[in-house]
2 protein chains.
Amino acid sequence: MLDPQADCTFDCPVAEAASVLDGKWTTLIFRELLGGTKRYSQLQRAIVGISPRMLAMRLNDLESRGLVAKAIYPTVPPKTEYTLTTLGHSVEPVIAAMAQFGSQLQQRAINPSHGE
Amino acid sequence: MLDPQADCTFDCPVAEAASVLDGKWTTLIFRELLGGTKRYSQLQRAIVGISPRMLAMRLNDLESRGLVAKAIYPTVPPKTEYTLTTLGHSVEPVIAAMAQFGSQLQQRAINPSHGE
DNA sequence: CCGTATCCCAGACGATACTG
DNA sequence: CAGTATCGTCTGGGATACGG
């Protein structure tokens, strides 16, 4: 197991991960793709509020980083599928941890117990 | 970071977590505080490049969310200590997962193996 | 259906100077 | 030491329209 306290003076893995997860819609896109291969329009419908521009931007970014694979079928009408690569799947523990953390935040929001 | 209207069925815990982790320096601050209680100046020295303004902003934000506790000692010279609350500590799995994920990204960057 | 191109702006961020 | 005040920059992201 990796020590989160490892040296971050130079190339910090945490900062590296953060740079990938950064961007308004990134985690939600991961969240969708962790459910399996999805088409562009499926993602757009699933992620309420995202503009075509932002969706394309994030997907291109993730593809260039090798986290997402893109399969284009030049049929009529056109069809594109997005799938997480093996590397992309390695983000799952992060999303899972975030989900866990997020629900603790929500618990506290409901139950106003102040500590410390 | 994430829009409240984002539909993850109800209130998405992942989005909730993302809203906390959002901000350029947040994860690094968590990373420092996971190592134990720290003073303002310690944080500023540890987090290279952060301005006093940003550090104070993030700390105030985390305090208002109940993730960080602030202890002020009105001595001369003044002294302030920042500590993660119990809730704040629950972010640790997220940071740990990010560290793990980040190092996989770096491995891949070094070793140009082709994915999928 | 799957995107790109263009325009625009709020607000996040940095730098610097200053105070209790 | 531990911050705040002020100002300027800059870019991420929204809205909209259009192209392959």
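At what angle do helix H6 of chain A and helix H1 of chain B pack, and how far apart are their axes? To find out in this predicted model, select residues 92-110 of chain A, which form H6(A), together with residues 13-21 of chain B, which form H1(B). The two helices pack at an angle of about 85°, and their axes are 7 Å apart. Because angles of 65 to 115 degrees count as roughly perpendicular, H6(A) is described as roughly perpendicular to H1(B).

Now show the side chains at this crossing. From H6(A) the contact is made by Ile95(A), Met98(A), Ala99(A), Phe101(A), Gly102(A), Ser103(A), Leu105(A) and Gln106(A), while H1(B) contributes Pro13(B), Val14(B), Glu16(B), Ala17(B), Ala18(B), Val20(B) and Leu21(B). If you colour these residues by class, you will find eleven nonpolar, three polar and one charged.

**The two copies together**

Next, display chains A and B as a pair. Chain B is superposed on chain A by a rotation of 180° with 0.0 Å of shift along its axis, and the RMSD is 0.1 Å. The two copies are thus related as by a two-fold rotation axis. To place that axis from the side of chain B, select Val94(B), whose C-alpha is the nearest to the axis in this chain, at 2.9 Å. Of the interface residues of chain B, 83% are also interface residues in chain A, so the copies meet through the same surface.

**Around DNA strand C**

Then select DNA strand C and the 20 residues around it, of which Ser41(A), Tyr82(A), Lys24(B), Arg53(B) and Arg58(B) come nearest. The residues of this surface divide into nine nonpolar, four polar and seven charged. Which parts of the strand face the protein, sugar and phosphate or bases? Of the strand's atoms within 4 Å of the protein, 62% belong to sugar or phosphate, and the rest belong to bases.

Three contacts can be picked out one at a time. At Tyr82(A), an N or O atom in the side chain is 2.6 Å from a phosphate oxygen of the strand; at Trp25(B), an N or O atom in the side chain is 3.2 Å from a phosphate oxygen; and at Pro78(A), a polar backbone atom is 3.4 Å from a sugar or linking oxygen.

Finally, colour the elements that give two or more residues to this surface, namely helix H3 (40-46), helix H4 (52-64) and strand E3 (79-84) of chain A, together with helix H4 (52-64) of chain B. The largest share, four residues, comes from H4(A).

Notes: Residues are numbered from 1 along each chain as its sequence is written. Chains are lettered from A and ligands numbered from 1 in the order in which they are written. This is a predicted model: local features need pLDDT of at least 70, side-chain atom pairs count only at pLDDT 80 or more; totals for chains, interfaces and linings use all residues. Side-chain values use heavy atoms; hydrogens and water are left out. Axes are lines fitted to C-alpha atoms, for helices over the stretch in contact, and angles run from 0 to 180 degrees between N-to-C directions. Angles under 35 degrees count as roughly parallel, over 145 as roughly antiparallel, 65 to 115 as roughly perpendicular and the rest as oblique. Contact means heavy atoms within 4.5 Å. Ala, Val, Leu, Ile, Met, Phe, Trp, Tyr, Cys and Pro count as nonpolar, Asp, Glu, Lys and Arg as charged, and the others, Gly among them, as polar. A residue is near a molecule or strand if one of its heavy atoms lies within 4 Å of it. A polar contact is a pair of N or O atoms within 3.5 Å; within protein, one must be able to donate a hydrogen and the other to accept it, and residues adjacent in sequence count only if both atoms are side-chain atoms. Copies are superposed by least squares on the C-alpha atoms of residues with pLDDT of at least 70 in both.
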